[in-house]
Amino acid sequence: MGIEVRRTTCNRDCPDTCGILATVQDGRVVALAGDPDHPVTRGFLCPRTARVFERQYAEDRVRTPLVRETLDSDFRRATWDEALDLIARRLDTFRRESGGASILHYRCGGSLGLLTEIPDLFFARFGPVTTKRGDVCGGAGDAAQIADFGVSDSSGLDELGNARTVILWGKNCATSSPHVLALVREARARGSSVVLIDPVMHRTEAVADRVIQPRPGGDLAMALAAAAVLFREGWTDPDAATWCDGFDGFRALATSRPVEDWCRDADVTIDEAEELARRLGCERPATILLGWGLARRLNGAATVRAIDALALVTGNIGVPGAGVSYYWRRRSAYDVSVLRGPRSPRTLGEPLLGREILAACDPPIRAVWVTAGNPVAMLPDSDRVAEALRTREFVVVADAFLTDTARCAHVVLPTRTLLEADDLLGAYGHSYLSASVPVVPPEGEARSDLEIMQGLASRLGLADEFAGSHRDWKRRLVGPRLEAAGVTLPDLEAGAVRNPFAPRVVFEGRRFPTPTGRARLMTAAPDTTAIPDPDHPLLLMSVATPLRQCSQWSVRPEGPAEVTVHPDAAAGIPDGGLARLESTLASIDVRVRHDSRQRLDVVLIPKGGWVSDGQCANRLVEARATDDGEGAAYYDQRVRLVRR
Ligand SMILES: Nc1nc2c(c(=O)[nH]1)N[C@H]1C(S)=C(S)[C@@H](COP(=O)(O)OP(=O)(O)OC[C@H]3O[C@@H](n4cnc5c(=O)[nH]c(N)nc54)[C@H](O)[C@@H]3O)O[C@H]1N2
Ligand SMILES: Nc1nc2c(c(=O)[nH]1)N[C@H]1C(S)=C(S)[C@@H](COP(=O)(O)OP(=O)(O)OC[C@H]3O[C@@H](n4cnc5c(=O)[nH]c(N)nc54)[C@H](O)[C@@H]3O)O[C@H]1N2
Ligand code: SF4
Ligand SMILES: [Mo]
């Protein structure tokens, strides 16, 4: 068959949404490279995806449907007909006896392909059923930006080239958005100055002129300190009140305390707050690239609102080279109305999902279907999530691997991987659209979520509504509006296309999609004092690492989880020593690594460890929602290290 290079798009939950060139030899993928013609990918992939084809052919991939009667028994292989007949019969019974609300459909971010949302439509038509509410990933920040600007959207990445100052605020691009790191490096080479604000020291530091390490969760106080300096020095934009509602209220908030008091709460120096204010007020335009991490806190939405306010009062919004870039509206070009069905009769909050499943009554949750998610490993309070699943009458998980969540299922349905996907993508970190096209046929009997839903729909009287090939559905999603703008499905399959509806400069003219046309400034803030807990002196920073995509790894992590702490915060445990990492919920074995660049109040652990490998940070993390948007306060978890 020889060697061929095929083009597709990475569908992972990652802001970069890369163009991929796959080398296929005799029907197998043997190498992956970044598409040099993709304006953001520019010829390279991150290490986790460059090696993903090893997982593609892994022994432990689920290749056929797996079924078991009870959770005590082993899975046995089943045919698709057997598995789908069983599922259709059971779901129909639950619906008849207890109504659609007795079934929960939970979908998360395993693939960002739009057709991964087909199960939403299926369950809306079949039920409607119970679904999730909120968003553990970006819920708090989205809610904050919608409150401030009317919408969460960003200028094109090209605008980085016009920024005199770039602020990476809680954003570790080196790990989680390497293509943006390359653009920041270029902006710096052209003369922009780069500030990194993160309680954790990480590799992105290499592109920063200045690093500020506030206490975890101290950013709200630091932003208000900087605002107080801006007002004191007269560095705000003289016309800011014309595009902001609440200007006087925000000034009153920021100046309600002395700068040094805010700085003490943030654990930063006055010099650091002044420098931040000066860069925003005097070295304009400034672009703030805001990460998602800092909003995963109890006061996460208020923190993002304070950062938005800094940009608004300094005029760093609605002009080239400025803005608070958090989210790019990845679906905005597509006709997603084809994926929408009737509203759910009930929703359960995602950050508290385990508890909410267990507490649901009238009717109780009898069955759960999981699409593109691993909630046992990835949601807070893993043990409770596992208990909630294990006590249901029927659980179905569609996944390519036997994850912690699949281990709580009665039926596991093998799905396609990113190299087999046939789908459409937009990016949440830039403005390009593209398609995924299978570079190899599915391994074993794997099916896409669309194909799975079609199998079920034909058994439950919904066949007509779900009929059509992947390309038919992709064409429907491209829709007439995008076609009228000159973008067709073949264009998207041939390479990335700029979203014709994405603004080059968002909120241009400082007009906002709010009722008044003006942005809104926060006028009140929660208490910013840190509450110490001497029994649990460390905050658990369970953050992204280079070789893992959430709970999906390309090189299997062996042994206990590795945690990183400042040597003086290691409770006497030597570098390389073994310890217990404990919260009030649970404890896990870890290996301790010393790093003297870290703060004394943090301990780092990789995000995405599995319960079955003994590496799951979320067993330690209490389920608590953020102040708005129902995000998860993952990083406000207090822990301690105990010598073993
Ligand atoms: N390699 C890899 N890449 C990934 C992922 C992965 O698992 N692995 N996950 C993907 C996903 S799901 C997402 S949502 C995206 C982006 O996900 P993000 O969560 O934005 O990822 P990071 O860029 O690592 O940024 C998180 C940073 O926020 C910092 N942070 C935490 N708390 C605070 C705080 O209180 N203040 C400040 N200033 N900073 C704080 C953390 O220390 C960390 O460095 O990345 C995606 N990319
Ligand atoms: N402690 C801690 N926990 C966190 C975070 C953190 O920073 N710290 N980050 C949070 C964030 S930002 C996020 S977004 C969530 C992510 O949480 P999840 O989205 O649940 O995490 P993933 O590991 O990406 O898992 C999804 C599963 O989807 C499967 N999958 C991939 N493609 C497909 C497909 O096409 N169809 C189907 N059916 N399945 C597919 C994968 O094999 C994988 O097992 O985790 C959150 N959890
Ligand atoms: S995970 Fe992100 S950086 Fe890596 S290849 Fe996919 S889109 Fe690109
Ligand atoms: Mo995420």
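How far is an oxygen atom of ligand 2 from an N or O atom in the side chain of aspartate 399? The separation is 2.6 Å. The model is predicted, and the legends below take its ligands and its voids in turn.

**View 1. Ligand 2 and its polar contacts.**
The side chain of aspartate 399 places an N or O atom 2.6 Å from a ligand oxygen atom. The backbone of methionine 378 also takes part: one of its polar atoms is 2.7 Å from a nitrogen atom of ligand 2. Lysine 607 contributes from its side chain, with a polar atom 3.4 Å from a ligand nitrogen. On its own, ligand 2 has 910 Å² of accessible area, and the protein covers 95% of it.

**View 2. The residue shell of ligand 2.**
There are 27 residues around this ligand. Those that come nearest are Met378, Asp399, Asp449, Ser551 and Tyr635. Met378 and Asp399 also supply two of the contacts in the previous view. By class, the shell holds eight nonpolar, 13 polar and six charged residues.

**View 3. Ligand 1 and its polar contacts.**
Arginine 548 uses its backbone here: a polar atom lies 2.6 Å from a nitrogen atom of ligand 1. Arginine 48 uses its side chain, with a polar atom 3.0 Å from a ligand nitrogen. The side chain of histidine 202 has an N or O atom 3.3 Å from an oxygen atom of ligand 1. How much of ligand 1 does the protein bury? Taken alone, the ligand exposes 900 Å², and 98% of that is buried by the protein.

**View 4. The residue shell of ligand 1.**
Helix H6 (173–176), strand S22 (538–543) and strand S23 (548–549) are the elements that each give two or more residues to this shell. The shell counts 35 residues. Ser176, Asp198, Arg296, Arg297 and Arg548 come nearest to the ligand. Sorted by class, 16 residues are nonpolar, 10 are polar and nine are charged.

**View 5. Ligand 3 and its surroundings.**
Which void holds ligand 3? Ligand 3 sits in the largest cavity. Cysteines around the ligand are Cys10, Cys14, Cys18 and Cys46. Other residues around it include Arg12, Asp16, Thr17, Leu45, Thr49, Pro178 and His179. Arg48 is on the list as well, and its side chain also reaches a nitrogen atom of ligand 1 at 3.0 Å. Helix H1 (47–50) and helix H7 (178–189) each supply at least two residues of the shell. The class count is six nonpolar, three polar and three charged.

**View 6. The largest cavity, from its lining.**
Five cavities of 30 Å³ or more are found in a search of the whole structure. The largest has a volume of about 80 Å³. Its lining comprises 13 residues, and Cys10, Cys14, Cys18, Cys46 and Thr49 are the closest to its centre. H1 and H7 each give at least two residues to the lining. Six lining residues are nonpolar, four are polar and three are charged.

**View 7. The second largest pocket.**
This pocket contains about 580 Å³ of space. Its lining has 22 residues. Nearest the centre lie Arg215, Thr529, Ala530, Ile531 and Arg638. The lining divides into nine nonpolar, five polar and eight charged residues.

Notes: Residues numbered from 1 in each chain as written. Chains lettered and ligands numbered in written order. Predicted model: local features only at pLDDT ≥ 70, side-chain atom pairs only at ≥ 80, totals over all residues. Heavy atoms only, no water. Near = heavy atom within 4 Å. Polar contact = N/O pair within 3.5 Å; in protein donor to acceptor, adjacent residues only side chain to side chain. Areas by Shrake-Rupley, 256 points an atom, 1.4 Å probe, with all protein chains shown as cover. Helix = DSSP H or I, 4+ residues; strand = E, 2+ residues; numbered from the N terminus. Nonpolar A, V, L, I, M, F, W, Y, C, P; charged D, E, K, R; others polar. 1 Å grid on protein atoms, 1.4 Å probe; cavity = no way out; pocket = protein on both sides within 12 Å on 5 of 7 lines; lining within 4 Å. Sits in = over half its atoms within 2 Å of the grid points. Points joined across faces, edges and corners; volume = space filled by probe spheres on them.
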